[in-house]
Amino acid sequence: GEVVRTGQEIARIAACGEPILTAELDDRSMRRVLVGQKAEFRPVGSPQVLEGEVVQIIPINLTPGEARTRPQALLRLASQADACETGRMGEVRFLP
């Protein structure tokens with residue numbers, strides 16, 4: 001057994017039916033990317049392009065203990081019924 005504190009993360013669950021991607025943004029992109037905007041994700045080493053949509057913009061967090069120093073966009077990717085991968089790296093292109 002282990003002691004668990006209030007607010008301590010004890011598990012992360014991946015919802016395979018609604019994959020979410022986190023994209024780091026530079027300052028210029030932060031000003032141009034909008035919730036609802038369409039995007040494409042190309043995983044490293046793959047010719048596959050996954051379509052997605054921006055569902056949230058997360059500004060820089062200066063809270064002590066948080067490592068996030070760049071703004072982020074959360075994208076909901078089109079469902080991949082045959083896959084439930086986490087930790088994939090790749091390139092995101094935001095569509096006009």
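The following exchange concerns the fold, core and side-chain pairings of a predicted model.

Biologist: In what pattern do the helix and strands follow one another along the sequence?

Modeller: The model is predicted, and its chain holds one helix and five strands. Read along the sequence, these elements give the pattern β-α-β-β-β-β.

Biologist: What percentage of the contacts with a separation of 6 or more is accounted for by residues 24 or more positions apart?

Modeller: The chain has 96 residues, of which 22% count as buried. Among its contacts with a separation of 6 or more, the share from residues 24 or more positions apart is 59%.

Biologist: Which element gives the largest share of the largest nonpolar core?

Modeller: That core has eleven residues, among them Leu-21, Phe-41, Val-54 and Leu-75. Strands S1 (20-24), S2 (38-43), S3 (50-58) and S4 (72-77) are the elements that each give two or more residues to this core. The largest share, three residues, comes from S4.

Biologist: With which residues is Leu-25 in contact, leaving aside its neighbours within four places in sequence?

Modeller: Leu-25 is itself a member of the largest nonpolar core, as are two of its contacts, Val-33 and Ala-73. With those neighbours left aside, the full set is Met-30, Val-33, Arg-70, Pro-71, Gln-72, Ala-73 and Phe-94.

Biologist: How many residues apart are Arg-70 and Glu-24, which link distant parts of the chain?

Modeller: The side chains of Arg-70 and Glu-24 meet in a salt bridge, with N to O at 4.0 Å. Arg-70 lies in the loop between S3 and S4, whereas Glu-24 belongs to strand S1; the two are separated along the chain by 46 residues.

Biologist: Is Glu-24 buried or exposed?

Modeller: Its partner Arg-70 has a relative accessible area of 38% and is partly exposed. For Glu-24 the relative accessibility is 54%, and the cut-off for the upper class is over 50%. Glu-24 therefore counts as exposed.

Biologist: How far apart are the closest N and O atoms of Lys-38 and Glu-53?

Modeller: This salt bridge joins Lys-38 in strand S2 to Glu-53 in strand S3, 15 residues apart. Lys-38 is partly exposed at 46% relative accessibility, and Glu-53 is partly exposed at 32%. The closest N and O atoms of the pair are separated by 3.2 Å.

Biologist: Which residue forms a salt bridge with Arg-93?

Modeller: Arg-93 is in strand S5 (residues 90-94), and its partner, 53 residues apart from it, is in strand S2. The closest N and O atoms of the two are 2.9 Å apart. Arg-93 has a relative accessible area of 47%, while that of the partner is 23%. The partner is Glu-40.

Biologist: Why does Gln-37 count as buried?

Modeller: Gln-37 is placed in the loop between helix H1 (27-32) and S2. Not counting residues up to four places away in sequence, Gln-37 touches Arg-32, Gly-52, Glu-53, Val-54, Phe-94 and Leu-95. Buried means under 20% relative accessible area, so Gln-37 falls in that class with its value of 16%.

Biologist: Which backbone nitrogen does the side chain of Gln-37 reach?

Modeller: Along the chain, Gln-37 and Phe-94 are 57 residues apart, yet their C-alpha atoms are separated by 7.2 Å. The side chain of Gln-37 also makes an approach of 2.9 Å to a backbone nitrogen, that of Leu-34.

Conventions
Residues numbered from 1 in each chain as written. Predicted model: local features only at pLDDT ≥ 70, side-chain atom pairs only at ≥ 80, totals over all residues. Heavy atoms only, no water. Helix = DSSP H or I, 4+ residues; strand = E, 2+ residues; numbered from the N terminus. Buried < 20%, exposed > 50% of the residue type's maximum accessible area, 1.4 Å probe, protein only. Contact = heavy atoms within 4.5 Å. Core = buried A, V, L, I, M, F, W, Y, C linked by side-chain atoms within 4.5 Å. Polar contact = N/O pair within 3.5 Å; in protein donor to acceptor, adjacent residues only side chain to side chain.
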